[in-house]
Structures are given as C-alpha cells and as structure tokens.
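This report concerns one chain and the way in which its helices are arranged. Please look over the sequence and the model before reading on.

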Amino acid sequence: GSKGTAIVTITRALFSFTFSLTVFHEVALGASACYIKIAPWISLEMFDASRGFLFDSLTVVMPIVVIFVSSLVHLYPISYMSEDPHS
C-alpha cells in the first residue's frame, strides 16, 4: 500500500544521502579528487580527450544538496497526504 511505498522510497533516499556523505568525506575532506576514465575518445600526441567521471569538491557537494532538498520535498506530501480521507 501507500505506507509500504513511503517506507521504500524514504529508505532509498536515506541510502543515497548516506552514500553522498561518504563520497563527500573521501573526496572533499580528504582533498583528493578522483577521476574514473571510462573510454578514450580522441587520443593524439598533444591532446587527449576521454570519457569519464571527475569527482572534485564541487561535484560531491551537489548530490548532498539535491538529495537533501528532494527528500524534504518527498517527505512533505507523505505527511500531508496521510490525513487525506480519500486514500
């Protein structure tokens, strides 16, 4: 039902927030940027462009903010709609 759905979604949001805090602790507080190279795209003698992920201090702060705000936006309708007589 709706209560089980709320529990699953809140649990996933908390897991994502915890994972984001862990990544923040490793990258931002440890002052070590991380680059994961996926595949080369253009590779010349003096130029190299490859696909990948770069995790620096700005990149790891954004998921924390986005997940926190979206969790609050998610929790508000759950508590607001719990009083709905039509559900």
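The following paragraphs treat the annotated spans and then the packing of two helices.

The model is predicted: local features need pLDDT of at least 70, side-chain atom pairs count only at pLDDT 80 or more, and totals for chains, interfaces and linings use all residues. Residues are numbered from 1 along each chain as its sequence is written, and side-chain values use heavy atoms, with hydrogens and water left out.

An unreviewed UniProt entry annotates residues 13-36 and 57-78 as "transmembrane region". The unreviewed entry also gives residues 41-86 as "domain: NADH-Ubiquinone oxidoreductase (complex I) chain 5 N-terminal". Such annotations may be inferred rather than shown by experiment. Helices (H or I, at least four residues) and strands (E, at least two) are DSSP runs, numbered from the N terminus.

| Span | Helix | Strand | Distance between end C-alpha atoms |
|---|---|---|---|
| residues 13-36 | 71% | 12% | 25 Å |
| residues 57-78 | 100% | 0% | 33 Å |
| residues 41-86 | 54% | 24% | 55 Å |

Helix α1 (residues 2-29) packs against helix α2 (residues 57-81) at an angle of about 160°, and their axes (lines fitted to C-alpha atoms over the stretch in contact) are 9 Å apart. The angle is taken between N-to-C directions and runs from 0 to 180 degrees. The two helices α1 and α2 are therefore roughly antiparallel (an angle over 145 degrees).

In the contact (heavy atoms within 4.5 Å), residues of α1 including Phe 17 and Phe 24 meet residues of α2, among them Ile 64 and Phe 68. By class, the contact of α1 with α2 has 17 nonpolar (Ala, Val, Leu, Ile, Met, Phe, Trp, Tyr, Cys and Pro), six polar (the others, Gly among them) and no charged (Asp, Glu, Lys and Arg) residues.

Technical notes:
Parallel < 35°, antiparallel > 145°, perpendicular 65-115°, else oblique.
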